[in-house]
Amino acid sequence: MGGDHGGGKLVKSLRGAAQKYVGVAFFLGFFLVLLTYFTLSEQFAIAAPNAIRRTAPATPTPATPVVAEKTPTQLPVKEEEAPKPKPEHEQVQEKPPPVDETEGHTQTEESPTQTEQDQTPVDDGGSSGATVPPAEESAPAKKPACDILGPWASDVCDVTANVRIHGSERTVLIPPTIESGGSNPNPQSWSIVPYSRKHQAGMNVVTVRELATAAEAPACAVTSQVPALVVAMGGLTGNYWHDFSDIMIPLYLQAVRFDGEVQLVVTNIQRWYVGKYRHILARLSRYEVVDMDKDDQVRCFPGAVVGIRMHKEFSIDPEKEPTGHSMPEFTKFLRTVFALPRAAPVRVVDGSERKPRMMIISRRHPRKLMNVAEVTALAERVGFEVVIGDPPFNVDVGDFAREVNGADVLVGVHGAGLTNSLFLPTGAVFIQVVPYGKMEHIGEVDFGVPAVDMGLKYMAYSCGVEESSLVDTLGRDHPAVKDPESVHRSGWNKVAEYYLGRQDVKLDLERFEPVLLKAMAMLRE
């Protein structure tokens, strides 16, 4: 009995010790689990992808480039609003078909935002009805053939695959590529006006259409080894300024990359334009110009660009597509085309017998300079050799370009004749005489900003009321004389009628002399 009692005590002692150790082990285990939980939770919280996205910096908005030397006074244009119509500053009757006098300039479309550039076009303003299905996450989005920037900027299609162009039907067909398996399950179609002013009346529409299968492609009647560039003439051409602003400069931007190895396919063709600017067109393309509207053959090309796009009025913005080009580059191109010898003006040096040359652009139309003889005599007293430039329509562009290139200073009243500033040597002085009637903004947009972009030394001389013929023809009490603002409020037609169509200019020599002295000083710099 005593042995059993001793054994019982031993069992109870061992059982108590075991329970104590189990409690300690449980406490340590719980502490380790808790420590592990907090450690892992902190790691997952630091590495969470959402946390990285929330703290990522936003992409900065690119700054608008600033024009050197002079800041143009242009109003911003909103992407989704119709810009305030800018006037068609003049319509010189230079071509057989009449130009609509009431048609105004449209301000150049601003560069689209990054969001707009990244969006796949769904509709081109109701004309194409093209839709694009959402892309699979595992596959890159299909790049559309046509770049639709919005309701006002011109649309451009850049097709790097084979195309079929049926000119008389104004269609550009894009068969599916071999790489795509010869089929396109989601073909798109675009309606393109291949002119720099998208909503210009009377322009033909070209349809660019993807084909679902290669079997739909018509047979080739003519096969070209170089790509096509589809462009429209007509519109506001016939006015010398529009000839360059609306067609030649935008055409250069699209064609120059091909170095002549591209064929122009032209709708709304103007044969006088092809003849007058044949030297420039021949440098942009070594091939015969195709009259698209009369071409009933199917032509096959290894690629095509359909449409041209204006950067801004009568100028180039190096930041806009196609990027990297500039007005000094374009004027250098023109000097090459016409073999113009001077790339820089004369530098005036004291004691030199060589006089800088001033060209005064003469006008037979309204806004003519009534006292050109007196202005010439004043310029000669200041120290200039003066020549009068009077370019008729039928003179070869190259002939007059050589005369302008020989000038160091160009002077003229606002009008299409000032387009010849393109042929001045870089660094020459350009003086625009702005007619009376609060026309400074128009003068700035049409010639002031482009002159600075060309690298010219630009000055604007604004005429006062006493320098306008309207005082004599209308009287001082006429609203066009005493209240130009009221004429502007009445609409562009009245502005054009009075200040561009019925006004001549007689310069105040005392007011104008300091401008000529400053021009001479600029040539000393």
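Q: Which strands each supply at least two residues of the lining of the largest cavity?
A: β13 and β15 each do so, and the largest share, 3 residues, comes from β15. Strands are DSSP runs of E with at least two residues, helices are runs of H or I with at least four, and both are numbered from the N terminus. This is a predicted model, in which local features need pLDDT of at least 70 and side-chain atom pairs count only at pLDDT 80 or more, while totals for chains, interfaces and linings use all residues. Residues are numbered from 1 along each chain as its sequence is written, and side-chain values use heavy atoms, with hydrogens and water left out.

Q: What makes a space a cavity, and which residues line the largest cavity?
A: On a 1 Å grid over the protein atoms alone, a cavity is a set of points where a 1.4 Å probe fits but cannot get out, and a lining residue has an atom within 4 Å of a point. I360, I361, L369, V411, G412, V413 and V433 line the largest cavity.

Q: How many cavities of 30 Å³ or more does a search of the whole structure find?
A: The search finds 1. The largest cavity holds about 30 Å³ of space, where grid points are joined across faces, edges and corners and the volume is the space filled by probe spheres set on the points.

Q: Why is R367 called buried?
A: Buried means under 20% relative accessible area, exposed over 50%, and partly exposed in between, with a 1.4 Å probe and protein chains only. R367 has 3%, so R367 is buried. R367 is in the loop between β13 and α8, and its phi is positive, about 75°, although R367 is not a glycine.

Q: Is D259 buried or exposed, and why?
A: D259 has a relative accessible area of 55%, so D259 is exposed. D259 is found in the loop between α4 and β9, and its phi is near 55°, a positive value in a residue other than glycine.

Q: Why is Q297 called partly exposed?
A: Its relative accessible area is 34%, which puts Q297 between the cut-offs for buried and exposed. Q297 lies in the loop between β10 and β11.

Q: What is Q254 in contact with, leaving aside its neighbours within four places in sequence?
A: Contact means heavy atoms within 4.5 Å, and Q254 is in contact with V156, L229, V305, G307, I308, R309 and P322. Q254 is in helix α4, and Q254 is buried because its relative accessible area is 6%.

Q: How do you know that the span of helix α15 agrees with the expected span?
A: The expected span is 1.5 Å times one less than the number of residues. The 16 residues of α15 should therefore span 22 Å, and its end C-alpha atoms are 23 Å apart, which agrees.

Q: Why are the buried residues of α15 said to line one face of the helix?
A: F512, V515, L516, A519, M520, M522 and L523 are buried in α15. Seen down the axis, they fall within an arc of 155°, so they line one face; the arc is that of the directions from the helix axis to the C-beta atoms. They pack against β13, α8, β15, β16 and β17.

Q: What makes A521 of α15 partly exposed?
A: Its relative accessible area of 36% makes A521 partly exposed.

Notes
On a 1 Å grid over the protein atoms alone, a cavity is a set of points where a 1.4 Å probe fits but cannot get out, and a pocket is an open set with protein on both sides within 12 Å along at least five of seven lines; lining residues have an atom within 4 Å of a point.
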